[in-house]
Amino acid sequence: MPAIHEQYSEELRAEFDYLSSWLPNTHLELGDVGRLHRDRFERLTSLAELGIGFAVRERERAVDLDYSSAAEVAVSTDADGGPLARIAVSFSRRHGIVFQARSCRISEIADREALGRRVLDLAAAGRWPGTQVVVTEVVATGPAVILVSQQQGASIDLSASAEALSGTIPLASASAGLSIVGSKGVGVKVIAPDGLTPLFRVSGVRPRLFGRKEFGGRGPAGSTPGSPVGGSPVGATAADRAAETRTAESHVFAELTYEDVGA
């Protein structure tokens, strides 16, 4: 069975078409630069630290996100007419997921074409490793709750103000006053009334379709993961530099996933 972070990443990507942060409370920002490794993003630097500026576009409409592993999670509430309500969450399988987030807003790098040209230039000069990617889109949430079971039969009991348990995503709505009463077998418990950055997209350099695959671990014999695209050695001839140009032209700056980089 996949590891807990692999299952989490797989399910959320299938549901929302985004990569997911792990751990879920990891903070990400537009322009973070790093690598994808084993269903995780490892930050190394940022566009700002590399001296690359960019504009930001924010989508106007906020949305609520609600996901739970199909037929594997049960959430029930019991108010009893009093000021406090009890919420019970039970999981019928290992690595079951509850993901509730309110008022989610998407921000993205506005001119990816211009950024792509800059990154391709860096790659051709040997200054952008083959496994390196940049965060180009981030989903920032309002109040959020994320739970992931560690074993079959896991459960968690919580309490909150009965008044706060409103709407279709009660856990997120009540997150500011949510308290854990008891828990068994729940490996991840993230209660974030101030929000998270749990979903994102990245872009990097990959071979152009039908182009020569000379980047990273998917290049010709002798190439290694992390090898730069192009980059003429000291004393390179005109023929060497021409080959470097052809190499750069055989690659594109595009959205990438874990599968694309073999992570």
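**Reading Ser69 and an aromatic cluster**

Biologist: A polar atom of the Ser69 side chain lies 2.8 Å from the backbone nitrogen of Ile97, and since this is a predicted model, I would like to read that residue carefully; where does Ser69 lie?

Modeller: Ser69 sits in the loop between strand S5 (63-68) and strand S6 (73-78), and its side chain also joins that of Glu11 through a polar contact of 2.9 Å. Leaving aside neighbours within four places in sequence, Ser69 is in contact with residues including Arg93, His95 and Gly96.

Biologist: Is Ser69 buried or exposed?

Modeller: Buried means under 20% relative accessible area, so Ser69, at 1% relative accessibility, counts as buried. Arg57, found in strand S4 (residues 56-58), counts as partly exposed because its relative accessibility is 42%.

Biologist: How many aromatic pairs does a search of the whole structure find?

Modeller: The search finds four aromatic pairs. One of them is the edge-to-face pair of Phe16 and Tyr67, at 6.4 Å centre to centre with 70° between the planes, which links distant parts of the chain, as Phe16 is in helix H1 (residues 4-16) and Tyr67 in strand S5, 51 residues apart.

Biologist: Why is the pair of Phe16 and Phe99 called tilted?

Modeller: Planes under 30 degrees apart count as stacked and those over 60 as edge-to-face, so the planes of Phe16 and Phe99, at 50° with ring centres 5.5 Å apart, make a tilted pair. Because Phe16 lies in helix H1 and Phe99 in strand S8 (residues 97-109), the pair ties together parts that are 83 residues apart in sequence. Ring pairs thus link Phe16, Tyr67 and Phe99 into a cluster, in which Phe16 is buried at 16% relative accessible area and Phe99 is buried at 1%.

Key
Residues numbered from 1 in each chain as written. Predicted model: local features only at pLDDT ≥ 70, side-chain atom pairs only at ≥ 80, totals over all residues. Heavy atoms only, no water. Helix = DSSP H or I, 4+ residues; strand = E, 2+ residues; numbered from the N terminus. Buried < 20%, exposed > 50% of the residue type's maximum accessible area, 1.4 Å probe, protein only. Polar contact = N/O pair within 3.5 Å; in protein donor to acceptor, adjacent residues only side chain to side chain. Contact = heavy atoms within 4.5 Å. Phe/Tyr/Trp six-rings, centres within 6.5 Å; stacked < 30°, edge-to-face > 60°.
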